[in-house]
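Me: Could we go through the ligand site and the empty space of this model, one question at a time?

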Amino acid sequence: MLEGQPALVTGANSGIGRAVALGLAASGADIVINYIVDQPAAEEVAHAIEAKGRRAIVIKADVSNESDVQAMYAQAISHFSTLHVIVANAGLQRDAAIDEMTLEQWNKVIGVNLTGQFLCAREAVREFKRRGVVESVSRAAGKLIMMSSVHQEIPWAGHANYAASKGGIMQLMRSIAQELAPFAIRVNGVAPGAIRTPINRSAWDTPDAYRSLMTLVPYKRIGEPDDIAHAVAWLASDLSDYLTGATMFVDGGMTLYPGFATGG
Ligand code: BGC
């Protein structure tokens with residue numbers, strides 16, 4: 001489905017990014033694996049992709065740093081000739097009560113989660129516009145998929161920097177989707193709920209924590225990274241060709257106000 005469409009995934013060494021990289025490779029794409037920490041983990045993802053018969057390249061870059069991002073795109077494009085799919089996935093949390101949040105915590109989260117997506121989107125669009133549509137591989141001139149969160153919608157006490165970054169991603173995504181539709185560039189978001197990854201380990205790794213998490217999940221199971229990878233593979237393919245500017249909530253119903261299931 002994605003043969004001839006090299007894809008770049010940021011933060012692809014762990015968690016959701018790792019599953020997305022492997023999933024896009026399973027759909028036929030060659031993959032650029034971006035990471036900032038844990039090179040061995042990134043190399044392991046590359047080997048797994050190569051074992052499936054696809055090509056992979058590992059590139060270290062801090063997505064919040066303009067020259068790092070530009071160098072990463074230059075290297076990726078010279079390696080694979082072009083890019084057709086970008087998954088701006090890298091993200092982090094630095095949690096604090098609002099009156100205790102340092103400017104450093106605020107700037108770190110906005111820098112990686114929001115500015116990082118801007119920088120990756122801008123370089124992607126430059127390449128998509130330069131190359132245009134290649135009809136033999138896709139109806140679109142490029143697909144940009146921006147990893148958001150249920151917290152683009154659900155306020156999150158103690159995590160104001162994170163929720164603000166995800167709300168920002170939503171309007172960044174929608175604004176550029178509007179701007180780029182005439183160029184046949186599709187831009188969509190994915191909003192995961194609680195997914196079993198290192199970022200939220202404390203929310204699922206004991207039976208008590210898991211039970212308490214399930215009060216927020218109508219579907220009564222935690223999400224797995226592959227749940228997100230499947231959504232991304234669909235968004236990257238022409239099966240979703242008429243979709244742009246949308247956010248797919250992949251959250252087991254977390255955004256359905258579960259507290260109202262029996263009350264209200
Ligand atoms: C956060 C996780 C959290 C989930 C649901 C994600 O965006 O990164 O820590 O468990 O949202 O609240």
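**The ligand and its surroundings**

Reply: To begin with one contact in this predicted model, a polar side-chain atom of His-151 is placed 2.7 Å from an oxygen atom of the ligand.

Me: At what distance from an oxygen atom of the ligand does a polar side-chain atom of Tyr-162 lie?

Reply: A polar contact here requires a pair of N or O atoms within 3.5 Å. Tyr-162 offers a polar side-chain atom to an oxygen atom of the ligand, and the separation is 2.5 Å.

Me: What is the corresponding distance for Asn-200, and what percentage of the ligand's accessible area does the protein cover?

Reply: For Asn-200, the distance from a polar side-chain atom to an oxygen atom of the ligand is 3.3 Å. On its own the ligand has 310 Å² of accessible area, and the share of this that the protein covers is 90%.

Me: How many charged residues are in the shell around the ligand?

Reply: The residues that surround the ligand include Gln-93, Ser-149, His-151, Trp-156, Tyr-162 and Met-254. Gly-193, Ala-194, Ile-199 and Asn-200 also belong to this surrounding set. By class, the shell consists of five nonpolar and five polar residues, and the number of charged ones is zero, that is, no charged residues.

**The pocket**

Me: In which pocket does the ligand sit, and what is the volume of that largest pocket?

Reply: A molecule is assigned to a pocket if more than half of its atoms lie within 2 Å of the grid points. By that criterion the ligand sits in the largest pocket, whose volume is about 1,300 Å³.

Me: Which residues of its lining are the closest to the centre of the largest pocket, and which element gives the largest share of the lining?

Reply: The lining of the largest pocket is made up of 49 residues, and those closest to its centre are Gly-91, Gln-93, Tyr-162, Thr-197 and Ile-199. Two or more residues of the lining come from each of α1 (15–26), β2 (31–35), α4 (103–131) and α5 (160–180). The largest share, three residues, is given by α1.

**The cavity**

Me: Which element gives the most residues to the lining of the largest cavity?

Reply: The count is one cavity of 30 Å³ or more, and the largest cavity holds about 30 Å³ of space. Its lining includes Thr-10, Val-63, Val-112, Gly-116, Gln-117 and Cys-120. With four residues, the element that gives the most to this lining is α4.

Notes:
Residues numbered from 1 in each chain as written. Predicted model: local features only at pLDDT ≥ 70, side-chain atom pairs only at ≥ 80, totals over all residues. Heavy atoms only, no water. Near = heavy atom within 4 Å. Polar contact = N/O pair within 3.5 Å; in protein donor to acceptor, adjacent residues only side chain to side chain. Areas by Shrake-Rupley, 256 points an atom, 1.4 Å probe, with all protein chains shown as cover. 1 Å grid on protein atoms, 1.4 Å probe; cavity = no way out; pocket = protein on both sides within 12 Å on 5 of 7 lines; lining within 4 Å. Nonpolar A, V, L, I, M, F, W, Y, C, P; charged D, E, K, R; others polar. Points joined across faces, edges and corners; volume = space filled by probe spheres on them.
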